[in-house]
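Grab a coffee and work through these exercises with the model open beside you. Try each task before you read its solution.

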Amino acid sequence: MTIARSIILVADDDAMKDAVVNAVDHVESLSLEVREGTLASINGSAVNLLNEHDLMVFRLLDRNDIDLVRSLRKQAGPSGKLLALSDENISLSDARALKKSGLDEILPFPISSDELSEQLDRLSTPSSMLPAIYTKSDPERNGQVIGICPVRGGAGSSTLAVNLADQLQGRSGIFRKHTRNRVAVVDLDMQFGTIATGLDLAPSNGIYKMARDGVIPDRTFLRQCLVSHSSGLDVLTAPDEFVPLEAFSREQITALVDALRQEFDYVVIDLPRVMIDWLGAIVSSCDRLLLVTDTAVPSIRQAHRLIQFFSQERLELPLEIIVSHETKPLFPAGHHSEAERVLGRKIRHWLPYDPRHAKMALDRGQLLSKAAKGSALSKAIRALSGKILAEKPDVAAAKNRNTV
Ligand SMILES: Nc1ncnc2c1ncn2[C@@H]1O[C@H](COP(=O)(O)OP(=O)(O)O)[C@@H](O)[C@H]1O
Ligand SMILES: [Mg+2]
């Protein structure tokens with residue numbers, strides 16, 4: 001059933017009016033009234049207009065609009081949604097202030113006609129008619145964000161990311177069907193990401209959309225882009241199409257991490273092996289940073305460079321060294337102590353060289369817990385997740401720092 005809905009557009013800009021008229025044309029049972037002006041100029045009649053329509057769309061002009069939105073929301077109550085179209089680059093703090101003041105959505109303008117139609121359709125639909133995916137009733141979780149950072153290609157960081165995420169779900173019960181935690185795994189290795197293939201999932205275009213439209217992601221956007229895996233994990237895959245890494249701003253990545261943190265108990269992010277500005281957004285906000293390396297001299301040098309790069313962002317790095325492709329030795333060899341000395345940290349965890357089982361899982365597009373549960377690699381990742389589940393991140397960081 002489609003119900004009749006109406007939109008009021010307040011704009012003084014012809015391009016914006018044309019775009020909204022055109023977008024409304026493509027949505028069934030949606031009517032449009034246009035009011036020439038700005039939110040400030042129609043101030044006296046804004047409350048009535050909002051009460052008479054399902055959605056008010058207006059052109060965002062400046063910070064004064066934050067106060068106007070707040071007073072409008074106060075007087076009109078919860079009925080009628082508010083959408084701002086902004087042709088300026090708006091800062092994350094202004095976007096937050098607007099949302100806090102009662103705005104339902106901010107979209108960049110110009111915007112593709114399809115996207116605008118989709119958003120007008122969604123926002124003009126009364127909440128009670130929306131599928132559960134749009135409802136905001138889920139509590140915020142304030143989860144733990146774990147960045148996985150490879151020192152060199154092929155070190156096994158993506159393998160660690162997905163299988164650690166899987167273990168952090170904390171399965172229990174006879175068929176291990178109950179999970180204690182909601183966990184997301186995010187592939188921010190946007191150009192060479194392998195997580196979708198490794199889990200036999202079709203990639204979603206969320207990250208691509210973020211880059212193309214400059215979307216500042218929120219919980220609703222996130223829910224539209226996450227792909228569910230049969231293991232219970234939610235996955236944000238790398239895009240199918242090529243996306244330049246510079247296409248993302250720190251603001252977008254910060255918002256992405258914030259939204260993920262609200263939605264999940266644990267968020268595991270597979271990072272690219274490049275030093276790009278927006279990595280700083282992850283470094284400064286994550287709870288743990290797991291650096292995956294081997295103990296060969298070039299890798300340790302590279303690890304050292306990465307730590308220096310990250311330290312410019314955050315003084316007290318919550319960084320833990322994970323040595324991959326090596327079993328923990330009974331007695332540390334000279335090069336292990338040397339590595340710890342250079343990196344200024346103890347080696348936190350070891351992942352054994354287990355190519356047979358790693359390959360078996362990869363070939364089948366399965367998690368290690370399914371393809372090779374008893375393998376040495378699976379056990380080692382389970383042990384690491386056990387440590388993470390058991391202790392607070394700041395305790396781990398304190399343990400690692402300056403102990404060499
Ligand atoms: N501990 C391991 N021992 C042996 N091979 C591994 C291990 N971890 C991963 N691999 C294999 O190494 C290759 C690269 O792994 P991947 O996790 O994609 O590394 P990265 O993301 O660091 O490039 C894959 O073929 C994978 O199956
Ligand atoms: Mg990888």
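**Exercise 1. Work out the strand order of the five-stranded open sheet, and find its edges.**

Solution. This is a predicted model, so you're reading the sheet off predicted coordinates. Walk across it and you get S2-S1-S3-S4-S5, with parallel pairing. Now look at the two ends: S2 (30–36) and S5 (105–108) each have a single partner strand, so one side of each is left without a neighbour in the sheet. From one strand to the next, the twist averages 20 degrees.

Next, zoom in on one pair. S1 (residues 5–11) and S2 run parallel and are joined by seven bridges. To get the register, start from Ile8: its bridge partner in S2 is Glu33. Finally, add the helix that packs on this sheet: H1 (residues 14–25) touches S1, S2, S3 (55–59) and S4 (81–86), and its direction makes about 165 degrees with that of S2.

**Exercise 2. Describe how H2 and H3 cross, and say which residues meet.**

Solution. Start with the axes: those of H2 (residues 43–52) and H3 (residues 64–76) come within 10 Å and cross at roughly 50 degrees. That angle makes H2 oblique to H3. As for the hand, the crossing is right-handed.

Then list the contacts. H2 brings Asn43, Ala46, Val47, Leu50 and Asn51, which meet Leu68, Leu72, Arg73, Gln75 and Ala76 of H3. Sort them by class and you have six nonpolar, three polar and one charged residues.

**Exercise 3. Find the strand order of the eight-stranded open sheet, then place H6 and H12 on it.**

Solution. The order is S10-S11-S9-S12-S6-S13-S14-S15, and here the pairing is mixed. S10 (227–228) and S15 (347–351) are the edge strands, each pairing on one side only. For a parallel pair within the sheet, take S13 (residues 288–293) and S14 (residues 319–324), joined by five bridges. Leu290 has Glu320 of S14 as its bridge partner.

Now for the helices. H6 lies across S6 (144–150), S9 (183–187), S12, S13, S14 and S15, and runs at about 170 degrees to S12. H12 (residues 297–311) also packs on the sheet, touching S6, S13 and S14, with its direction at about 160 degrees to that of S13.

**Exercise 4. Give the geometry of the packing between H6 and H16.**

Solution. H6 (residues 157–168) and H16 (residues 376–390) have axes 9 Å apart and pack at an angle of about 60 degrees. The two are therefore oblique to each other, and H6 passes H16 in a right-handed crossing.

From H6, the residues in contact are Thr159, Leu160, Asn163, Leu164, Gln167 and Leu168; they meet Leu377, Ile381, Arg382, Leu384, Ser385, Ile388 and Leu389 of H16. By class, that's eight nonpolar, four polar and one charged residues.

**Exercise 5. Check the backbone at Pro110 and at Asp200.**

Solution. Look at omega for the bond from Phe109 to Pro110: it's near 5 degrees, and the peptide bond is cis. Pro110 sits in the loop between S5 and H5 (113–124). For Asp200, check phi instead: it's near 60 degrees, positive although the residue isn't glycine. Asp200 is in the loop between H7 (195–198) and H8 (206–213).

**Exercise 6. Which elements have the lowest and the highest mean pLDDT?**

Solution. Begin with the whole chain: it averages a pLDDT of 89, with 93% of the residues scoring at least 70. By element, H17 (residues 393–400) has the lowest mean, 61, and S12 (residues 266–270) the highest, 98. Over residues 132–136 the pLDDT is below 50, and this stretch has five contacts in the model beyond near neighbours in sequence.

Terms used. Residues numbered from 1 in each chain as written. Chains lettered and ligands numbered in written order. Predicted model: local features only at pLDDT ≥ 70, side-chain atom pairs only at ≥ 80, totals over all residues. Heavy atoms only, no water. pLDDT = per-residue confidence, 0-100. Helix = DSSP H or I, 4+ residues; strand = E, 2+ residues; numbered from the N terminus. Contact = heavy atoms within 4.5 Å. Pairing = 2+ DSSP bridges. Axes fitted to C-alpha atoms, helices over the stretch in contact; angles between N-to-C directions. Parallel < 35°, antiparallel > 145°, perpendicular 65-115°, else oblique. Left-handed = near helix turned anticlockwise from the far one by under 90°. Nonpolar A, V, L, I, M, F, W, Y, C, P; charged D, E, K, R; others polar.
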